[in-house]
Amino acid sequence: MSFAADLRAVLADDQVLDHPLDLHVYAKDAGVTPGIVAAVVFPESSEQVAAAVKIAAKHEVPIVARGAGTGLSGGAVPTRPGLIVALTRLNQIEEVDEAARTAWVGPGVINLDLSAHTMPLGLHYAPDPSSQSACTIGGNVGTNAGGPHCLAEGTTVSHILALELITAEGEIVMLGGAEPDPLGLDLVGVVVGSEGTMGLVTRILVKLTENPPEVRTLLLAFDSIEAAAAAVSAVIAAGVVPAAMELMDQPMIEAVENFKSCGFPITAAVLIAEVAGHPAAVDSEAAVVAQAGRDAGATEIRIAATEIERDLIWLGRKSAFGAVAYAAPDYYLHDTVVPRTRLVETMSAIYEIGARHGIQMLNVFHAGDGNLHPLVAFDAKEPGMLERVKAAADEMVRVSIGVGGALSGEHGVGLEKRDLMGEVFSPMDLDAQARLREAFDPKGLLNPDKILPEGSRCYDFGLVANLEPDSLK
Amino acid sequence: MTARAIEDWQVTAPEGAASEVLALAPPDLDSVARVLEWASLEGRPVIPWGGGTHMGPPTGAPPEILLLTSELNRVVDYQPDDLTLVVEAGALVTDVEALLAERRQSAVLAEHAAGSTIGGMIASGVSGYRRLRYGPTRERILEVTVATGDGRVITAGGRVVKNVTGYDIPRLMSGSQGALGVIGQVCLKLWPVPEASASLSMEVAAFRSLYRPLALLETERGATAYLAGTAEEVAGQAQAVGAEARAGLDWPEPLTQSTQIELRVPAPLVAAAVEQVRAADAESFRAQHRVGVVAAGFAEWSDDRLAALRSWAEGQGGAAVVAAASKQDVDRWGAPPASVELQRRVKEAFDPRRILVPGRLPGGV
Amino acid sequence: MPWETSHAPRQHELDACVTCGLCLPKCPTFRLTGSESASPRGRLAAMSAVASDIAIVDSRFDEIMSFCLQCRACEPVCPSVVPFGRAMEGARAETAAQLPHRARKLRALLLGPNGLGSRAAVRVATLLAAVGQRLRLDKLPVRLMTRISGLRRIPLAPQSHLGVLRSSVGERIGSIGLLAGCVQDSWFGGVNDAAVELLARAGYDVHVPTGQTCCGALAAHDGAVAGAESLAAINAAAFSEYDLVVATAAGCSAHLAGYSEWTQSGAAVEDRARDITVVIADAIAAGRLPTLPPRNQEVAIQDPCHLRHAQRIINEPRAIVRAAGYVPVEIDPDGMCCGAAGIYVLTNPETSDELGNKKADQVRASGATLVASANPGCEMQLRTNLGTAYEVKHPIEIYADALRSSYRAAGA
């Protein structure tokens, strides 16, 4: 039987798409590179996911899991004719355990919906990527998604206790558990952030976080990025780890104001800081932040007095990508991380690269953890523009890696940053990652061509297998 | 491996190890890798050894070679402003924390760590009581350099606090029991130490009114909440619950019994787990409320007691782990995890000849 | 050229999409199916595929486009401000032109100048519906019939506001041409009663010109281009003289706001078009209509998509209900479509029912038994799904009723 016929034998008609138009619709996520799709399935149970995986394995068709398709690095795009397993129908919030502060959810549950659901219990799901109104928990697990509030709370992996995994062979396996330190190797930590290359996640036990009793949100204006970055370092040096510390540069502030009018001062840099916690602590912590700002030469310091003012500040921050979309037809977004102390020099280098390539650049980033998001706004229809943007992009990434940084902090490596992995890791390091992947997916059918560059698995490194005992003596 | 190298690196077997093993303390991680490569070729079982403080009862094949990390003990790079520390695995936890304390920072490792090494704590999967606030140790391993079972030296992760560049091998090393490789060097994420802290004796029932405590412990002598934060916050919280606050953190002494069993259960079941260990005649116990760990010490070994506690814990979706036993040949872990086949494959990805502590992981992996 | 009509999706409309996906969770059909092909981003991708000759307008393209409710909930959340509703009408125009099957031709007839645009035709339909109500035909297990249960009680004698002229009470603010609406005029006369009365009290000279016809929204949504164009031309001429053109159905006011697409003189109508809720809320805010004493009763607010999403009119219905003395109650933070969606209720009955049930559940959860809805299609859908224990009215009717009873009380 044909691939699609096999799929239809186990799934209902409305659970399989293979019309060329649908395949075209599914060829892209929120990244820039399109892929090739063989079929799309919409399983409604773990068993159906397992059945679809088995059929794909039988036909040797690559398998790509997809949530809302809001990923920015091409993680949900098949590079060769592949089966897209859309997990959007596994969208049940199955059970919320108030005492344990946990919830079992399907991968298709939308991030913000979960927090809205648990709000009456005074709990929320902490990772808050900018796309949280649309992205799914399953997709967050795939990329180990972050967000502004990950500074204090940690990224997705810190909030996942257990996973139900459909393996490359189509077996259903439970990883982790509700108890602390589940027995054996921490395979949950391996699967989170693996972008669907280790298996497909069908149920997720997430940790819920107590809503802070008090929050203070500050907006600090500076006349240079350097001054703002100095304030960030001073806050940390003072022993305070705020819930979030976000920095925006002037082009970004202007774009946001143009888009949403949040009342941000038009200045070289705006730092948004939020401290959250016990009522007796937030004011003194806010004072530490304000003092650090003053010492660094802040030209204006606002502390949101009402919920509306706080929401307006966050609206400005969270509208950043929308503002760029509003201003330019195309954008390319980076996600490197550098040590916090290297922020200023990295930013200057990035500005220099932008100027040299003549590209328009806007910056908004998670300054607290050194996660940069230089955003290049451009028009792909302009001849030669895409090449210039990509050349500048590569340079920016190399600068970040040069100061000891990482390729991606929260968006994932996917397709777009895959070929830069060799800049960070040695061939031996990549081989180790490839072996780990092989342990989960011996036939290489789970989201192939993602994360690791071609040829990462190097059999030359199997030294032990190649050498005879005597040759070492 | 040359006989000369073996001679140069050989040391007396540390206390707690079988005296017949070949104990080696290579000078650097490349040398560690050479030993592992040789052991792989020869098919000799190896046990990595840090401080020997959290080895647990012997499990799996008896080792022929014991690899000490005592020569790998340098602080490589401490960046207080980045809240990161790069340190070699053989460094003592107490030394490292003393260094960090000078800048009022901490790696939030176990509170009682006399003689323990950084690498040993990570490989044993040990977390401190403060995990309630800061999360378990595995949350803070940003980068590792490891010598794998077949003698490759690999690095994964990065020296930044947020990173999805490649698979999270650093986290995988936590609790790996030395079965994947010998940890040579790690980068740890640090936390600032809050300005004030206090210990509050109180009833377990009153724990719930506290916001973000460091730890909520119960022992055979009563319950204590540990708080940290700004001075106003600590004083305010103490006042609100009406408990007398002792400045500083007076952690309970570690268990000393020759038989120790650790129950790991979903957090709401800690009170029930405490009842279980009391009923099993525990001399002493350390219960971590809202975390789910209850460690108990017993005067003597009893197979029946382990079976009863294990049957209860596993019935609750948890586990009963033997941390120390006065008897040989005990089943340290109990029922293996559902993912045991994947666990075996992952081990072999790092240690294809299965020479590193074979059978030490749950399920005989 | 892959496209055949002048209304086809335009390249700049399609290029505006940056494929971020923020529209997906707001789309009712994506929420129901989890399918990208049933999402705004997916539909734009399908249109782009045709525009760039990767795909053609075939039956699957038709299915994908026809499944859209045209609720435009995707528009307010779109950072790139893609004019999705406009592009979708263009896609519908193309499927109608390139795949002209019989049902579609029949619909074009019913929705055009000789159907909804014809007073005689509407009168016949009204009579049939009135008779049907009296014969309890809505109890028959026939789909079209059960829809009758969503109608208000229709008098056997035909009713219409066409030709009504009412002078302003007190200080004159300006003139208003009232679009009576094809269905609104015959079946929801109470709304237009309230509109005429309140507008006059608010200082407007109100005229319901006889030269008007159906606004053409339903024809445009269905791709019946010729019908939509000729209806728009008739109305543009009929409403050329007033300071404001006011519609009492959200679907009509939203369509008037895009009239330049449909007729050359449409821009003049666009600029002066207002939904009745905006004019009344403004008059209340300015003190030209009174704020009535509180009566401590809750009213569930249902936002018609063409008010909330297409025109971003959110506060006005609430302000009117509040001025009537009631407490407005929110039922849905997202304002998701009730599933009526014009003729969608007939073309995609299952999806329509699913959404209608969800909306009814939201109303029930609110505890209120009076619902304010500013669009006749939504009103029918709510009544069908809620049953007789609930009352559904236009917000201006709720306000007008309260105003009348306060005058009666004062008179007594």
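**Exercise 1.** How many salt bridges does the rule find across the interface of chain B and chain A?

*Solution.* The model is predicted. Step one is the criterion: a side-chain nitrogen of Lys or Arg must lie within 4 Å of a carboxyl oxygen of Asp or Glu. Step two is to test a pair: B:Arg345 and A:Glu169 have their closest N and O atoms 3.2 Å apart, and they form a salt bridge. Step three is the count, which comes to 9 salt bridges between chain B and chain A.

**Exercise 2.** Find which helix of chain B gives the most residues to the side that touches chain A, and describe that side by residue class.

*Solution.* Begin with polar contacts: 21 residue pairs link chain B and chain A in this way, with both residues at pLDDT 80 or more. Next, list the elements of chain B that each supply at least two residues to the touching side; among them are helix 2 (29–42), strand 9 (153–157), helix 7 (231–241) and helix 10 (340–350). Helix 10 of chain B gives the most, with 7 residues. Sorted by class, this side of chain B holds 35 nonpolar, 22 charged and 16 polar residues.

**Exercise 3.** State how much area chain B and chain A bury between them, and name the three residues of chain B that supply the most of its share.

*Solution.* The contact involves 90 residues of chain A and 73 residues of chain B. Together the two chains bury about 6700 Å², of which 62% is on carbon and sulfur atoms. On the chain B side, B:Lys162, B:Val164 and B:Tyr167 supply 14% of the area buried against chain A, more than any other three residues.

Technical notes:
Residues numbered from 1 in each chain as written. Chains lettered and ligands numbered in written order. Predicted model: local features only at pLDDT ≥ 70, side-chain atom pairs only at ≥ 80, totals over all residues. Heavy atoms only, no water. Contact = heavy atoms within 4.5 Å. Buried area = accessible area lost by both parts, 1.4 Å probe. Polar contact = N/O pair within 3.5 Å; in protein donor to acceptor, adjacent residues only side chain to side chain. Helix = DSSP H or I, 4+ residues; strand = E, 2+ residues; numbered from the N terminus. Nonpolar A, V, L, I, M, F, W, Y, C, P; charged D, E, K, R; others polar.
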